[in-house]
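Let's take a walk through this structure together, one piece at a time. Keep the model open beside you and follow along.

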Amino acid sequence: MFQEMENFEFSTELLPGLPEELGLECLSRLPCTAHRLASRVYHRWRDLLQSPDFYYHRKKLGYTQKFACLVLSFNGGTVNGPKKPGVSPSYGIAVFDSVSQRWDRLPVHRYPNGLPLFCQLASCEGKLVVMGGWDPVSYDPVTDVFIYDFMTQQWRQGKDMPSKRSFFAIGACLGRVFIAGGHDENKNALRSAWVYDLRMDEWSQLGEMSEERDECEGVVIEEDEFWVVSGYRTESQGQFDGSADVYGLKSGQWRRVEGVWEPGRCPRSCVGMGKDGKLVNWAELSPAVRVGACGISLGRRVLVTGSGYQGGPHGYYMVEMKEGQHGKLEKLNVPDEFSGCVQSGCYAEI
């Protein structure tokens, strides 16, 4: 087991009196919520806990845990301030632990008036990435990239996106964040795609998709493919396509797949992958979430949010996914602070 960590150098004793293999095993079992405190105990522990190799080691052993990260509205005032009636909602990031049923709120970096509207979330290697969106005051598109490290509980600014784009597809895998489609400042739909390397803090351009895809949705499948689902061309405003462009993470090539999505149906935040390997529309799980649905897979169970009708209250549910079918939606009791409308989300494996 220890040899699998060959890319990382350890001291002779991670824990005094124990062989390195046992010391590594003990630290691998340490709950992720204790990593920040543990990193302050001993500089060798800090180096280990911050190592990507250690992250993948814990993941392989099954010691990581998936948390739901949601961009949702907090009614009134600034994100970290009190609620004020009659004030437009601002957006922040909520983190949900489905095991303990605990809700937490991340501090908003740089934006006192809340996150950029329609910003996108992605996560890999225990970090949360926030990209793009519109400035909440001016409504101008932004190219900002911010990364939150759950271990240090700190934000850092990444290299800006190569250009301004809105309503693009996003997905993350193996330390890289993929974006594709959306539209530019002139509302022209895009077929271009880029990848951001978290460790190198660099952007690289990918080949173009088969067609322009505005308001498309991104899904990463089995750490092997990045799916860009549906969307529409510039001249076909709002006419969502039923196809997808699929980028092979190993081959570096795009392929087009037809008939994977209901034509005319907006895919934003409601595309998932079922146990049978087929795309799932979370809005079709129940009439209770048919409007504004958002689904986040947390292993065998999925957190699904949405409303039963336009303008209706937002509900939160857990559902177990089985091959070819799904279980009954279980309604969650959510604190009032976190009961706002969900704009988008992803899971973070920590």
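Keep in mind that you're looking at a predicted model. Let's begin with a sheet of four strands, which is open and runs in the order β8-β9-β10-β11, with antiparallel pairing. Its edges are β8 (169–173) and β11, each of which pairs on one side only. Ignoring direction, neighbouring strands in this sheet are turned by 20° against each other on average.

Now zoom in on β9 and β10 from that sheet. Strand β9 (residues 176–180) and strand β10 (residues 193–197) run antiparallel and are joined by five bridges. If you want a spot to click on, try Phe178, which stands opposite Val195 in β10.

What holds strands side by side in a sheet like this? Strands pair through backbone hydrogen bonds, and the pairing is either parallel or antiparallel. As for the side chains, in a regular strand they alternate between the two faces of the sheet.

There's another open sheet of four strands to find, and here the order is β3-β2-β1-β23, again with antiparallel pairing. This time the edge strands are β3 (102–106) and β23 (342–349), and each pairs on one side only. On average, neighbours in this sheet are turned by 30° against each other, with direction ignored. Look at β1 (residues 66–74) and β2 (residues 90–97): seven bridges link them in the antiparallel sense. Among the residues involved is Leu72, whose bridge partner in β2 is Gly92.

For a hairpin, head over to β18 and β19, which have three residues between them. Strand β18 covers residues 291–297 and strand β19 covers residues 301–307, and the two pair antiparallel over five bridges. Ser297 stands opposite Val302 in β19. In the turn itself you'll meet Gly299, with a positive phi of about 100°.

Time for some helices. An unreviewed UniProt entry lists residues 16–56 as "domain: F-box". That span is 61% helix and 0% strand, and its end C-alpha atoms lie 24 Å apart.

How do helices α1 and α4 pack, and at what angle? A pair of packed helices is described by the angle between their axes and the distance between the axes. Here, α1 (residues 20–28) and α4 (residues 52–61) pack at an angle of about 75°, with their axes 10 Å apart. Angles of 65 to 115 degrees count as roughly perpendicular, so α1 and α4 are roughly perpendicular to each other. On the α1 side of the contact you'll find Leu24, Glu25, Leu27 and Ser28, which meet Phe54, His57, Arg58 and Leu61 in α4. Sorted by type, the residues of this contact are four nonpolar, two polar and two charged.

Last stop: salt bridges. The structure holds 23 of them. One to look up is between the side chains of Glu211 and Arg256, at 3.2 Å from N to O. Where do these two residues sit along the chain? Glu211 is in the loop between β11 (202–205) and β12 (217–221), while Arg256 is in strand β15 (residues 254–257). The pair is 45 residues apart, linking distant parts of the chain.

Conventions: Residues are numbered from 1 along each chain as its sequence is written. This is a predicted model: local features need pLDDT of at least 70, side-chain atom pairs count only at pLDDT 80 or more; totals for chains, interfaces and linings use all residues. Side-chain values use heavy atoms; hydrogens and water are left out. Two strands pair if DSSP finds at least two bridges between them. Axes are lines fitted to C-alpha atoms, for helices over the stretch in contact, and angles run from 0 to 180 degrees between N-to-C directions. UniProt positions are given in the numbering used here, feature names are shortened, and annotations may be inferred rather than shown by experiment. Angles under 35 degrees count as roughly parallel, over 145 as roughly antiparallel, 65 to 115 as roughly perpendicular and the rest as oblique. Contact means heavy atoms within 4.5 Å. Ala, Val, Leu, Ile, Met, Phe, Trp, Tyr, Cys and Pro count as nonpolar, Asp, Glu, Lys and Arg as charged, and the others, Gly among them, as polar. A salt bridge is a side-chain nitrogen of Lys or Arg within 4 Å of a carboxyl oxygen of Asp or Glu.
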